[in-house]
Amino acid sequence: MSDLTQLLRRDLPASIVVFLIAIPLSLGIAAASGAPLLAGLVAAVVGGIVAGALGGAPLQVSGPAAGLTVIVAGAVAEFGFPGTAAIVAVAGLVQILLGASRMGRAALALSPAVVHGMLAGIGLVIALSQIHVMLGGAPQSSAWQNLRDLPAQIVTHHGAAALLGVATVAILIFWPKLVKISLLPAALVAVVSMTAVATVTGADVVRVNLPDEPLSGLIRPAWPGAPVREIVVAVMTIALVASVESLLSAVAVDRMHDGKRANLNRELVGQGAANTVSGLLGGLPVTGVIVRSSTNVAAGARTRASAIMHGLWIAAFVLLFANLLETIPMAVLAAVLIVVGLRLVSLAQIKTYARHRELPTYLVTALGVVFTDLLTGVALGMVTAALMILWRLTRCEIRRVRKAPGQWLVTITGTLAFVESARLTRELGALPAGEEVDVELHLDYLDHGAFETIRDWQEGYQRAGGRVRIREVHDSWFHQATSGRLGGGKRTPRLVGSWSRWQGMDHQRRDAMAAGIAEFERSVAPMVQPHLADLARDGQQPEQLFITCADSRLVPNLITASGPGDLFCVRNVGNIVPEYGKADSSVGSAIEYAVDVLGVSTITVCGHSGCGAVRALMTDAATPGSDLGDWLSLSRVRFADTGDEKNCVTDNVSQQLANLRTYPTVRAAEAAGRLRLTGMYFDLAEAKMYEVDPNSGARPMTTPPTPDESLTEAAA
């Protein structure tokens, strides 16, 4: 596809979709910040054009963001808007210096729990202030006052503004669930429809007010007459928060597409340039925005031209159709901001942080932002995060369970340091003398003081007639300490490593299977038994048929991070799929069963580096007439270049995909759109998977975002 064709077919439509979202959100964010409404539109134009052209994340769209609303509102109240614009311009210069100093990655070192807690707190502050505007009243100066006065506001305001606002919220919530048309985003539909209702009914509500001549209405920045220390704090706050939010958004956008990855240092320079220009033109601060960026990717954008064009459309609309914007009721924009603010409080993130025991950090940051101010809230969150780390570093779980008369199991999990020695001595000392004790260690660290405590107890307990066996799961801290090598290295986790990697010196290779089965029944079976019981009752419903090589080094469930019930596997020498109707029918029967009976949606053929079968095919080493030679001849592969083993493996994978399509059941399912065929290549040395394209060979897999990793906040 030529550059011009791509521009017209991909980037142009995407830019229009993002433009339609950006107009109402930019106006609403300006209103919530206490800034002139034109300032939000200026930031949207500059963010699109300047950051789009200079930034390092090609598909990221920048503009005014809800995450800076509280900061800007405070700056406007303290320095006035001309002073705030000057501060924004200087903050942009700081960002440029950070980018030039290659500090892009360093900005991501801040705990995600603190960042997301900060955004959640900002979202609550926005919602609490804008609900007063939606009801036809005026916001107070703090979140606590807004919360305190909210009941009275609800009781006394039931006019047209409140009705328009409630209807706007309803549209924003239900439109995406009912209509799946990307060219009609919910924010646009809500603002246009409610503006039309207000105009037709002649509702007496406060509306958007823009200068008659937008270019002459631009506010010139002026250096604020305030102490230098206060100005420096404001500059650094805007620069750092805008940088972190932009970089988080850029990383999230990278997970949404398979194009060029973001250059975070260049992105900081681009964001800084945009903020400097926006401040000089009297605009709000600019950041990368996850809502507009994700919309841009979903709409099919391929290059930075989409972000740049969306800025041009906003500029043209403001210059030519400003009178249309002035018909929008402020209550409608407030309703949009309420929904945007509340979406910054993500239930998925709360569940994630609760699962990872980081919820206190998230909650302290969020509540600190709401009830104090942003800097204090973030500082409290960072202190909480540090305390949580210290607590984990000195905390372990000790459990004693009687397995049978005269038999005990003691499980110690976590970090075992000398500060736990007293509790460890107390717990172990409570065991009855003269019995059999299994001590199971699930440790990520063991220091020498704690090791001495366990060893002294072991020796004393055994002298008194008892028996002690110490087993380690995951790491071998105790074994290393016994041999004088504490801290000298770690063993391979038992669920990952081979028998020879995780067995102790007392195990012999000849009983490796028995030892492995015993390990499974002891430590793994209790975790997977409920899931296996469900599969035994309900039957298997695998998502895909996975055809791969019988090579002992290739473990399908390991390299795909899949579990019981996920993959229907076929393994043979060379991951070969004989053509339909040929001598061998074992593979064909598995294909028909997988497609017709199990209803798999994907068939994957996976080759790997160092494949002996492919090497034999490359060198014609298979003996004609032998079982192996006859089997390999069924591959039908023809190599383009026998000098490159990787290309030969991918040639083989591509040929097996072609062989798959000789099966009538595969062709029918693929034509009906219910089956997809894919090829993969696994590099053993790199432990990395590649996707096989029959036309271009192997390329790195595109990794989709997981629910825990995705940035679910709706920063506008």
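Mentor: Let's start with a definition: a residue counts as buried under 20% relative accessible area, as exposed over 50%, and as partly exposed in between. Please keep in mind that the model you are looking at is predicted.

Trainee: Thanks! With that cut-off, is E427 buried or exposed?

Mentor: Buried requires a relative accessible area under 20%. The value for E427 is 19%, so E427 counts as buried.

Trainee: Which residue meets the side chain of E427 in a salt bridge?

Mentor: Start with the general idea: side chains of opposite charge can pair when their charged atoms come close. Here the N to O distance is 3.0 Å, and the partner of E427 is R400.

Trainee: How many residues apart are E427 and R400?

Mentor: E427 belongs to helix 16 (residues 421-429), whereas R400 sits in strand 3 (residues 396-404). The pair therefore links distant parts of the chain, and the partners differ in class too, with E427 buried and R400 partly exposed at 35%. Along the sequence, their separation is 27 residues.

Trainee: What is the distance between the closest N and O atoms in the salt bridge of E420 with R423?

Mentor: Take the surroundings of this pair before the distance. E420 has a relative accessibility of 8%, so it is buried, and R423 is buried as well, at 17%. Between E420 and R423, the closest N and O atoms are separated by 2.8 Å.

Trainee: D149 also forms a salt bridge, so which residue is its partner?

Mentor: D149 has 23% relative accessibility, so it counts as partly exposed. Its partner is partly exposed too, with a relative accessible area of 49%. The closest N and O atoms lie 3.1 Å apart, and the partner of D149 is R148.

Trainee: How many salt bridges does a search of the whole structure find?

Mentor: Besides pairs, the structure has a network of salt bridges that links K403, E436, D438 and R469. Searching the whole structure gives a total number of salt bridges of 14.

Trainee: Let's move to helix 13. Why are Q349, T352 and Y353 on the same side of it?

Mentor: Helix 13 spans residues 347-355, and Q349, T352 and Y353 are its buried residues here. They are on the same side because the arc they cover around the axis is only 95°. On the other side of the helix, L347, K351 and R355 are exposed. The reason you asked for, then, is an arc of only 95°.

Trainee: Which helices do the buried residues of helix 13 pack against?

Mentor: The buried residues in question include Q349 and Y353. They have two helical neighbours, namely helix 4 (112-134) and helix 14 (359-371).

Trainee: And which residue caps the N-terminal end of helix 13?

Mentor: Look for a side-chain oxygen 3.4 Å from the backbone nitrogen of A348. Beyond the helix, just after it, R357 takes a positive phi of about 60°. The residue that caps the N-terminal end is S346.

Trainee: Which helix gives the most to the nonpolar surface patch?

Mentor: The patch covers about 730 Å² and is made by L215, L218, V277, L281, L319, L320, F321 and L324. L319 is partly exposed at 48% relative accessibility, and its place is in helix 11. With 4 residues in the patch, the top contributor is helix 11 (residues 305-325).

Trainee: How far apart in space are L93 and G272, C-alpha to C-alpha?

Mentor: L93 lies in helix 3 (residues 69-100) and is partly exposed at 46%. L93 and G272 are 179 residues apart in sequence, yet their C-alpha to C-alpha distance is 5.8 Å.

Trainee: In which strand is T602, and is it buried or exposed?

Mentor: T602 is in contact with E543, Q544, L545, L675, R676 and T678, once neighbours within four places in sequence are left aside. Its place is in strand 9 (residues 602-608). With a relative accessible area of 9%, T602 is buried.

Trainee: Finally, for the chain as a whole, what share of residues counts as buried?

Mentor: The chain has 26 helices and 12 strands, and it exposes about 33,300 Å², with carbon and sulfur atoms supplying 60% of that area. Of contacts between residues at least 6 apart in sequence, 73% join residues at least 24 apart. Among the 716 residues, the buried share is 48%.

Definitions and conventions: Residues numbered from 1 in each chain as written. Predicted model: local features only at pLDDT ≥ 70, side-chain atom pairs only at ≥ 80, totals over all residues. Heavy atoms only, no water. Buried < 20%, exposed > 50% of the residue type's maximum accessible area, 1.4 Å probe, protein only. Arc of directions from axis to C-beta. Contact = heavy atoms within 4.5 Å. Polar contact = N/O pair within 3.5 Å; in protein donor to acceptor, adjacent residues only side chain to side chain. Patch = residues over 30% accessible without salt bridge, like charges linked within 9 Å, V, L, I, M, F, W, Y side chains within 5 Å. Areas by Shrake-Rupley, 256 points an atom, 1.4 Å probe, with all protein chains shown as cover. Salt bridge = Lys/Arg side-chain N within 4 Å of Asp/Glu carboxyl O.
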